[in-house]
Amino acid sequence: MPETVVVGNWKMNTNLGQALELAAGIGNQLKNMTGVQVVLCPPFPFLSSVGGALRGSAVRLGAQNMHWEDSGAFTGEVAAQMLQGLCEYVILGHSERRQLFGETDELINRKIRAALSHGLRPILCVGETLDERESGKAKTVVAEQVRRGLADIVDITSLAVAYEPVWAIGSGLAATPEIAAEVMSEGILEVLRELYADAGSEVPLLYGGSVNPSNIGEFAAQTSIHGALVGGASLQVSQFVQIVNLALAAKSPPAS
Ligand code: PEP
């Protein structure tokens, strides 16, 4: 059974003071958390300070993106080797990167390879648009994003995959847990198993798209969902902490 993972993607939000307050609040409340990997992904300039605020807490740190090259004339970009030692995870292929910055599966694949070669844990994001869903292509689109994103990658032991339907991100319109579970098991898990046999079953699969404390329990109760990638609700300490606790409770119900 893959580990339970809950990731907070702060996107381009917070100033330094707010980032530190958020990290301290979440870090303190989840200080001794076990049974779930909690990851905060602040904007690049706050990674180091947020890392400091999380010191002594079980909460981990992640970046929201990175470049595939190690160094060079790439103004404004951040390389994997710059993140190494600073954070543990990196979100790659988020739909906002794909849609607003033209990132392709091929480019995301290069980033995943660079992240792995520097010991970072990639969180590969995949998901269909509303048009693709309405034309019945959701599973094939997602399966293709997984295949292309992981092309020529042999070792996936540190990978997580987040299924984030584009129409559900930031819209308040989450997928139903059944829809998410179907795409995740037939569009993602099947491909991972086909490509990596048993190792494919060990990859944590996260659902993302308007996750909140009211719906996380139902998502996490699905066998093929092992956690969540949370945007808006990760910017509030109480909401995010509730999501983590409820995800953990759904994944490890008390023995009767
Ligand atoms: C996200 O940014 O990955 C996301 C899922 O956002 P939200 O939770 O706000 O829909």
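Me: Why is Asp152 called exposed?

Reply: Asp152 has a relative accessible area of 68%, and the label exposed is given over 50%, whereas buried means under 20% and partly exposed covers what lies in between (1.4 Å probe, protein chains only). The value of 68% therefore puts Asp152 in the exposed class. The model is a predicted one, in which local features need pLDDT of at least 70 and side-chain atom pairs count only at pLDDT 80 or more, while totals for chains, interfaces and linings use all residues. Residues are numbered from 1 along each chain as its sequence is written, and side-chain values use heavy atoms, with hydrogens and water left out.

Me: Where does Asp152 lie, and what makes its backbone worth a remark?

Reply: Asp152 sits in the loop between helix H7 (138-149) and strand S6 (160-163), where helices (H or I, at least four residues) and strands (E, at least two) are DSSP runs numbered from the N terminus. Its phi is positive, about 65°, although Asp152 is not a glycine. Most residues other than glycine have a negative phi, and most peptide bonds are trans. Thr14, in the loop between S1 and H1, also has a positive phi, of about 80°, without being a glycine.

Me: How do you know whether Thr14 is buried, exposed or partly exposed?

Reply: The relative accessibility of Thr14 is 23%, a value that falls between the two cut-offs, so Thr14 counts as partly exposed.

Me: What makes the span of helix H10 agree with expectation?

Reply: The expected span is 1.5 Å times one less than the number of residues. Helix H10 (residues 237-251) has 15 residues and reaches 21 Å from its first C-alpha to its last, which is close to the 21 Å expected. H1, with 14 residues, reaches 20 Å and is likewise close to its expected 20 Å.

Me: Which residues of H10 are buried, and how do you know on which side of H10 they are?

Reply: The buried residues of H10 are Phe240, Val241, Ile243, Val244, Ala247, Leu248 and Lys251. They cover an arc of only 155° around the axis, which puts them on the same side of H10; the arc is that of the directions from the helix axis to the C-beta atoms. These buried residues pack against strand S1 (5-9), helix H1 (16-29), strand S2 (37-41), helix H9 (216-220) and strand S8 (227-230). Seen from H1, the buried residues, among them Leu22 and Ile26, pack against S2, H2 and H10.

Me: Why is Ser57 called buried, and what does its side chain reach?

Reply: Ser57, in the loop between helix H2 (47-53) and strand S3 (60-63), has a relative accessible area of 17%, and this is under the cut-off, so the residue counts as buried. A polar atom of its side chain lies 3.2 Å from the backbone oxygen of Gly27 and one lies 3.1 Å from the backbone nitrogen of Val59. Leaving aside neighbours within four places in sequence, Ser57 is in contact (heavy atoms within 4.5 Å) with Gly27, Leu30 and Lys31.

Me: What makes the pair of Glu128 and Trp167 a polar contact?

Reply: The two side chains approach to 3.0 Å, and a polar contact is a pair of N or O atoms within 3.5 Å; within protein, one atom must be able to donate a hydrogen and the other to accept it, and residues adjacent in sequence count only if both atoms are side-chain atoms. The distance therefore meets the cut-off. Glu128 is found in the loop between S5 and H6 and, at 0% relative accessibility, counts as buried.

Me: Which residues are closest to the ligand, and how much of the ligand does the protein bury?

Reply: There are 14 residues around the ligand (a heavy atom within 4 Å of it), and the closest are Lys11, Glu164, Gly170, Ser210 and Gly231. A polar side-chain atom of Glu164 lies 2.6 Å from an oxygen atom of the ligand, one of His94 lies 2.8 Å from a ligand oxygen, and a backbone N or O atom of Gly232 lies 2.8 Å from a ligand oxygen. Taken alone the ligand exposes 290 Å², and the protein buries 95% of that, with areas from the Shrake-Rupley method with a 1.4 Å probe; for residues, only the protein chains shown count as cover.
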